[in-house]
Amino acid sequence: MGTFVRGRVCKPSLATVCKHALVVIGAFAWVAFAIACSSSASRSPVGVSDHRGGGVNPHLGSDAGVVDGTAALPRDYRTRFKKMNNARFVSSGHAAGRWEVDVWANDAASTALASRARDVPEGAALVQEHFERQSEGGSVKGPIMVMEKREKGFAPSHGDWSFTVVGSAGQLVKQGIIEQCAGCHDDAPIDGLFPIME
Ligand code: HEC
């Protein structure tokens with residue numbers, strides 16, 4: 001039943017692609033800031049930045065300072081999850097060619113990706129690590145982005161996906177229903193996921 005709709009969203013119009021490109025450029029401006037920031041002493045909050053004082057997540061408490069993002073990442077994903085790509089590849093979705101990425105998925109997510117599932121089950125989780133393309137051997141870390149399929153009703157208009165961004169210095173940047181992320185992933189062909197081809 002959903003085939004027609006999915007067929008349509010698999011082939012977004014040029015205008016849609018452009019819109020999404022603009023959205024993602026905007027979305028990543030603050031990640032760029034985070035990276036610029038981590039190599040200097042400056043920690044002043046600018047928009048959504050390294051600094052949680054920017055009001056990124058009001059549920060995390062009120063003391064000033066940077067929140068360690070480790071707890072927001074799926075535990076031991078590098079050993080427990082399946083690596084979806086062989087060689088690192090250039091992300092086409094995130095920041096227009098700036099990053100090379102590796103993608104890990106747990107069983108539920110990797111099965112869904114492989115079978116191009118219409119409905120990805122609750123509990124599916126994916127982690128995409130980003131590395132600066134320009135750096136020698138891609139050794140300079142960028143952000144880590146996570147998608148987790150939550151219980152029905154968590155985000156009804158966004159396929160119940162929760163998004164997380166952990167910055168280049170390991171700090172929690174944002175977590176939850178992030179509209180900038182959902183705005184693009186809503187149109188992805190595998191119930192919010194884009195195929196990983198490499
Ligand atoms: C303009 C579209 C767009 C936006 C906005 C976007 N993504 Fe993606 N995302 C993609 C594409 C395309 C892929 C496939 C791999 C690639 O090219 O990076 C992807 C892959 C992923 C993956 C691996 C799972 C998959 O779908 O294959 C995760 C995790 C992810 N994105 C998280 C995020 C988060 C978190 C945000 C918000 C900060 C975000 N994305 C914003 C387009 C987007």
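This briefing covers the ligand shell, the strand pairing, the nonpolar core and a few individual residues. The model is predicted. Strand β3 recurs throughout: β3 supplies at least two residues of the shell around the ligand, pairs with β4 over 7 bridges, and gives the nonpolar core its largest share.

**Ligand shell**

- The ligand has 27 residues around it. Ser91, Gly93, Cys181, Cys184 and Phe194 come nearest.
- Several elements build this shell. α2 (14–38), β3 (99–105), β4 (125–132), β5 (141–149), β6 (161–166) and α5 (179–185) each supply at least two residues.
- The most comes from α5, which gives 5 residues.
- By type, the shell holds 18 nonpolar and 9 polar residues. No charged residue is part of the shell.

**Strand β3 and its partners**

- β3 is mostly covered, with 6 of its 7 residues buried.
- β1 (residues 82–83) pairs with β3 in the antiparallel sense, over 2 bridges. Here lysine 83 stands opposite tryptophan 104 of β3.
- β2 (residues 89–90) also pairs with β3, again antiparallel and over 2 bridges. Phenylalanine 89 has valine 101 of β3 as its bridge partner.
- β4 and β3 are antiparallel too, and their pairing runs over 7 bridges. Aspartate 102 has glutamate 129, in β4, as its bridge partner.
- In a regular strand, side chains alternate between the two faces of the sheet.

**Nonpolar core**

- In soluble globular proteins, nonpolar side chains tend to be buried together.
- The largest nonpolar core has 32 residues. Ala105, Ala109, Ala112, Leu113, Leu126 and Val146 touch the most other members.
- β3, α4 (107–114), β4, β5, β6, β7 (172–176) and α5 each supply at least two residues of this core. The largest share is that of β3, with 5 residues.
- What does leucine 113 touch, leaving aside its neighbours within four places in sequence? Leucine 113 is in contact with Met84, Ala105, Ile190, Leu193, Pro195 and Ile196. Of these contacts, Ala105 is listed with leucine 113 among the residues that touch the most other core members.

**Positive phi at two aspartates**

- Aspartate 76 has phi near 50°, a positive value in a residue other than glycine. Aspartate 76 is found in the loop between α2 and α3 (77–80).
- Is aspartate 76 buried or exposed? Aspartate 76 is exposed, because 8 other C-beta atoms lie within 10 Å and the cut-off for exposed is 12 or fewer.
- Aspartate 160 has phi near 60°, likewise a positive value in a residue other than glycine. The loop between β5 and β6 holds aspartate 160.
- Aspartate 160 has 19 C-beta neighbours inside 10 Å, so it counts as partly exposed. A buried residue would need 20 or more.

**Lysine 141**

- Lysine 141 is found in strand β5.
- Lysine 141 is partly exposed, because 17 other C-beta atoms lie within 10 Å. That number falls between the cut-offs of 12 or fewer for exposed and 20 or more for buried.
- Lysine 141 and tryptophan 99 are 42 residues apart along the chain. Their C-alpha atoms are separated by 9.4 Å.
- Leaving aside neighbours within four places in sequence, lysine 141 is in contact with Phe131 and Ser168.

Note on methods. Residues are numbered from 1 along each chain as its sequence is written. This is a predicted model: local features need pLDDT of at least 70, side-chain atom pairs count only at pLDDT 80 or more; totals for chains, interfaces and linings use all residues. A residue is near a molecule or strand if its C-beta atom, placed from the backbone, lies within 6 Å of it. Helices (H or I, at least four residues) and strands (E, at least two) are DSSP runs, numbered from the N terminus. Ala, Val, Leu, Ile, Met, Phe, Trp, Tyr, Cys and Pro count as nonpolar, Asp, Glu, Lys and Arg as charged, and the others, Gly among them, as polar. Two strands pair if DSSP finds at least two bridges between them. A nonpolar core is a set of buried Ala, Val, Leu, Ile, Met, Phe, Trp, Tyr and Cys residues joined through C-beta atoms within 7 Å. Two residues are in contact if their C-beta atoms, placed from the backbone, lie within 7 Å.
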